[in-house]
Amino acid sequence: MGATDVHKVMPSLTWRLARATTPRAAKQVSSEPAMQNPSAEQLRVADVMARDFEFIEPQASVQDAAILMGEIEVGALPVGTAHHIIGVITDRDLLYRVVARGRDPTVISVQEVASRPVLSCSPDDTLRAAMDTMATNYVRRLLVIDRSGTAVGWLTLADIARHLLVSDDALQMSLQALTDGPDTC
């Protein structure tokens with residue numbers, strides 16, 4: 001998920017929380033009919049995935065990968081190109097396959113320590129199917145590959161959590177109740 005995607009999601013969360021804390025808005029929210037939020041079975045991966053993501057060259061050093069991950073604040077990078085993915089390098093790969101073994105990150109290439117096989121989903125898959133794939137394989141992110149075999153997105157647990165948090169009316173109402181508290185005046 002790119003930094004721009006966070007800024008797209010977080011302002012709406014801030015706005016909803018701020019709106020829910022004003023008495024006038026609280027009355028308006030409570031008088032509105034309950035909106036039906038799409039469930040994980042109804043949402044598609046394309047509705048939640050990040051479309052902005054970076055790749056790293058297979059020959060790049062592990063140090064270069066760590067620097068790039070830090071600069072763009074991500075925990076993993078696909079290795080290769082959108083049309084030819086050879087693996088995924090994660091922060092855990094760096095920790096366990098390089099740092100823990102005392103290897104020199106300036107001479108080890110990304111392709112040597114990248115995770116394989118690359119797990120993926122389709123933009124048309126349901127969010128539930130993608131979450132099931134993540135849970136079954138103990139991974140926190142999936143590449144999103146279209147029908148032509150091109151990487152078109154990146155789906156992370158953080159993206160899913162943010163999306164479900166922001167769009168959950170019941171959660172928003174609970175937050176509103178916590179914020180407003182009982183009327184003691």
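How many residues lie between β1 and β2 in the hairpin that they form? In this predicted model, the answer is 2 residues. The hairpin makes a good starting point for a walk through the structure.

The strands β1 (76-81) and β2 (84-90) run antiparallel and are joined by 6 bridges. As a general reminder, strands of a sheet pair through backbone hydrogen bonds, and the pairing can be parallel or antiparallel. Within this hairpin, Leu77 has Ile89 of β2 as its bridge partner. Strand β1 is largely enclosed by the rest of the structure, because 5 of its 6 residues are buried.

Leu77 and Ile89 appear again in the largest nonpolar core, which has 16 residues. Both belong to the group that touches the most other members, together with Ile56, Val62, Val79, Val110 and Val113. Two or more residues of this core come from each of α4 (62-72), β1, α5 (91-99) and α6 (110-113). Helix α4 is the greatest contributor, giving 4 residues. Such a gathering fits a broader pattern: in soluble globular proteins, nonpolar side chains tend to be buried together.

Val113 offers a closer look at these surroundings. Leaving aside residues up to four places away in sequence, Val113 touches Val62, Ile89, Asp93, Arg97, Val98, Arg103 and Ile108. A second core, separate from the one just described, contains 12 residues, including Ala130, Met134, Leu142 and Leu155.

Nonpolar residues are also found on the surface. Leu95, Tyr96 and Val99 form a nonpolar patch there, and together they have about 300 Å² of accessible area. Is Tyr96, a residue of helix α5, buried or partly exposed? Its relative accessible area is 45%, so Tyr96 counts as partly exposed, a class that lies between the 20% limit for buried and the 50% limit for exposed residues.

A further set of strands completes the picture. Three strands make up an open sheet with the order β3-β4-β5 and mixed pairing. The edges of this sheet are β3 (120-121) and β5 (151-156), each of which pairs on one side only. Strand β4 (residues 141-145) runs antiparallel to β5, and 5 bridges join the two. Across this pairing, Leu143 stands opposite Trp154 in β5. In general, the side chains of a regular strand alternate between the two faces of the sheet.

Conventions: Residues are numbered from 1 along each chain as its sequence is written. This is a predicted model: local features need pLDDT of at least 70, side-chain atom pairs count only at pLDDT 80 or more; totals for chains, interfaces and linings use all residues. Side-chain values use heavy atoms; hydrogens and water are left out. A nonpolar core is a set of buried Ala, Val, Leu, Ile, Met, Phe, Trp, Tyr and Cys residues joined through side-chain atoms within 4.5 Å. Buried means under 20% relative accessible area, exposed over 50%, partly exposed in between (1.4 Å probe, protein chains only). Contact means heavy atoms within 4.5 Å. Patches are made of residues with over 30% relative accessible area and no salt bridge: like charges are joined within 9 Å, nonpolar side chains (Val, Leu, Ile, Met, Phe, Trp, Tyr) within 5 Å. Accessible areas come from the Shrake-Rupley method with a 1.4 Å probe; for residues, only the protein chains shown count as cover. A salt bridge is a side-chain nitrogen of Lys or Arg within 4 Å of a carboxyl oxygen of Asp or Glu. Two strands pair if DSSP finds at least two bridges between them.
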